[in-house]
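Please open the model in your viewer and keep the selection panel at hand. This tour proposes what to select at each stop and describes what is found there.

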Amino acid sequence: MSNKIQPTVVLAGGGHTHALFLKKLQQAKVPPAHFILVSASRYTPYSGMLPGVISGQYTAEQSHIDLESLAKQSKCTFIKATLSNVDTDANELVFENGDRLHYDILSINTGSTQSRVIEATDCISIKPIRPFLSWLNQPLPEQIKRNDRFNLFIIGAGAAGVEVAMALHHRFRCFPQLKVHIVTARGILAGHPVEVQKMAAEEIERKKIAIHNNFRVNAVKDNTLFSDQNESLHYDALILATPATPATWPSESQLATSPQGFIQVNPMLQSISHDNVFACGDIAELTHSRLAKSGVYAVRQAPALFRNINLMLEEKPLEPFCPQSRFLSLLSCAGDQAIASRGWFRARGRLVWLWKDWIDRRFMAQFPLPEPGSIKLNGTD
Ligand SMILES: Cc1cc2nc3c(=O)[nH]c(=O)nc-3n(C[C@H](O)[C@H](O)[C@H](O)COP(=O)(O)OP(=O)(O)OC[C@H]3O[C@@H](n4cnc5c(N)ncnc54)[C@H](O)[C@@H]3O)c2cc1C
């Protein structure tokens, strides 16, 4: 599939960085190249709005980007396919159905999922988001209704776990029998400023969400979680909001990966083992600085990736991506409340929520969105 005259640039995965890359393709003059976006589905979620989708404040369509339309606007070919490996010797992507696609330059932005800390078959991860939303729509409300008391457990108390717990509490607020629980080995929002932890803990307490601190889950049996201290907790439904983990295919390829399996990149976002391969967002791990797996960094990497792919096409030296040490962090507490922090600045309340809502809507306004009703939560698109 190589274009003989123009080099082929393949963007694998329609994450935040690639969505913004495509936007830039519409705005800037670029060296001649054939751009191809490959993604597992036509619609990709925007992380900032996910808690709002779970709580019922946004529809699935409001929180997803229509990649096919975006690619078309950017004069980029869109291919809906799931990547299963990269053959770096042949410069080819390998897809789940066995098809292959040549690249001259490749960028990978396929995101992450939740680590399976436990061997439980009846738990569900918050990522990928669509099966999770489908589960929230369909079996869960029925299960709650059938019980006088229903314990919904979330393992993990990072930003995603805390936001999801509060969003679920809001979504199911008309079910008095529902009790939301957070299980954590390290306390809530570990790594966040202490004042933010305190504000979040107050919100959690106000909502009567139970926190089980210092509970390191090491076994699950018969709807019961067991800790390494032999404590036990009974659950009716179990959700994983554990730390981000990569797909297995990068570590099965020739690409250099971290011990956890993330693709290792240098400051230019270039694979440390293969010069013509870039990686960005959650799937990438910078060797020179350890960044949180967050949509904010995936967004921030877009200008650097765009610049460096263009420089590579022009055969010029690449430039480093310099991550900001401070950025605005907005934590949704559901029910029109949010917490903001940046450097020494902290704020909480309805105005912060309105601010976050404005930022998120403004971000999404630059992209084509799916038609109302077009996202089938469990289906393919
Ligand atoms: C509930 C929740 C709330 C969050 N809230 C925030 C927040 O408020 N702020 C924040 O900064 N971060 C937040 N995060 C974290 C954020 O979601 C991730 O850091 C972010 O989505 C990573 O973006 P990405 O660009 O790496 O990839 P993603 O946005 O995950 O996109 C990956 C894309 O690649 C596609 N793909 C995946 N595998 C393949 C494959 N094998 N082949 C082809 N295509 C593939 C997917 O379909 C998807 O389109 C939240 C996470 C969760 C779960």
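Select Ser 47 together with the ligand: a polar backbone atom of Ser 47 is 3.4 Å from a nitrogen atom of the ligand. This is a predicted model, in which local features need pLDDT of at least 70 and side-chain atom pairs count only at pLDDT 80 or more, while totals for chains, interfaces and linings use all residues. Residues are numbered from 1 along each chain as its sequence is written, and side-chain values use heavy atoms, with hydrogens and water left out.

Next, add Gly 14, where a backbone N or O atom lies 3.5 Å from an oxygen atom of the ligand. Then add Asp 282, which has a polar backbone atom 2.8 Å from an oxygen atom of the ligand. How much of the ligand does the protein bury? Taken alone, the ligand exposes 1,000 Å², and the protein buries 86% of that; accessible areas come from the Shrake-Rupley method with a 1.4 Å probe, and for residues only the protein chains shown count as cover.

Now display the shell around the ligand. Helix H1 (16-27), helix H6 (159-171) and helix H9 (295-313) are the elements that give two or more residues to this shell. Helices (H or I, at least four residues) and strands (E, at least two) are DSSP runs, numbered from the N terminus. Colour the shell by residue class: nine residues are nonpolar, 16 polar and four charged. Here Ala, Val, Leu, Ile, Met, Phe, Trp, Tyr, Cys and Pro count as nonpolar, Asp, Glu, Lys and Arg as charged, and the others, Gly among them, as polar.

Colour the chain by domain. The domain assignment gives domain 1 (8-40 + 81-112 + 246-313) and domain 2 (114-243), with bounds from an automatic or database domain assignment. The centres of domain 1 and domain 2, taken over C-alpha atoms, are separated by 32 Å. The shell around the ligand draws at least three residues from each of domain 1 and domain 2.

Move on to strand E12 (residues 150-155). Are the residues of E12 buried or exposed? E12 is mostly covered, with six of its six residues buried; buried means under 20% relative accessible area, exposed over 50%, and partly exposed in between (1.4 Å probe, protein chains only). Phe 150, Leu 152 and Ile 154 point one way from E12, whereas Asn 151, Phe 153 and Ile 155 point the other way.

Add strand E13 (residues 178-183), which runs parallel to E12 and is joined to E12 by six bridges. Within this arrangement, Ile 154 stands opposite Ile 182 in E13. Select Asn 151, which counts as buried because its relative accessibility is 14%. The side chain of Asn 151 makes a polar contact with the side chain of His 181 (2.8 Å). A polar contact is a pair of N or O atoms within 3.5 Å; within protein, one must be able to donate a hydrogen and the other to accept it, and residues adjacent in sequence count only if both atoms are side-chain atoms.

The last stops concern the backbone.

- Select Lys 127 and Pro 128: the peptide bond from Lys 127 to Pro 128 is cis, with omega near 0 degrees. Pro 128 lies in the loop between strand E11 (123-125) and helix H4 (129-137).
- Select Glu 315, a residue other than glycine with a positive phi, near 55 degrees. Glu 315 counts as exposed, at 73% relative accessibility.
- Select Asp 336, which is not a glycine but has a positive phi of about 50 degrees. Asp 336 counts as partly exposed, at 23% relative accessibility.

Notes. Two strands pair if DSSP finds at least two bridges between them.
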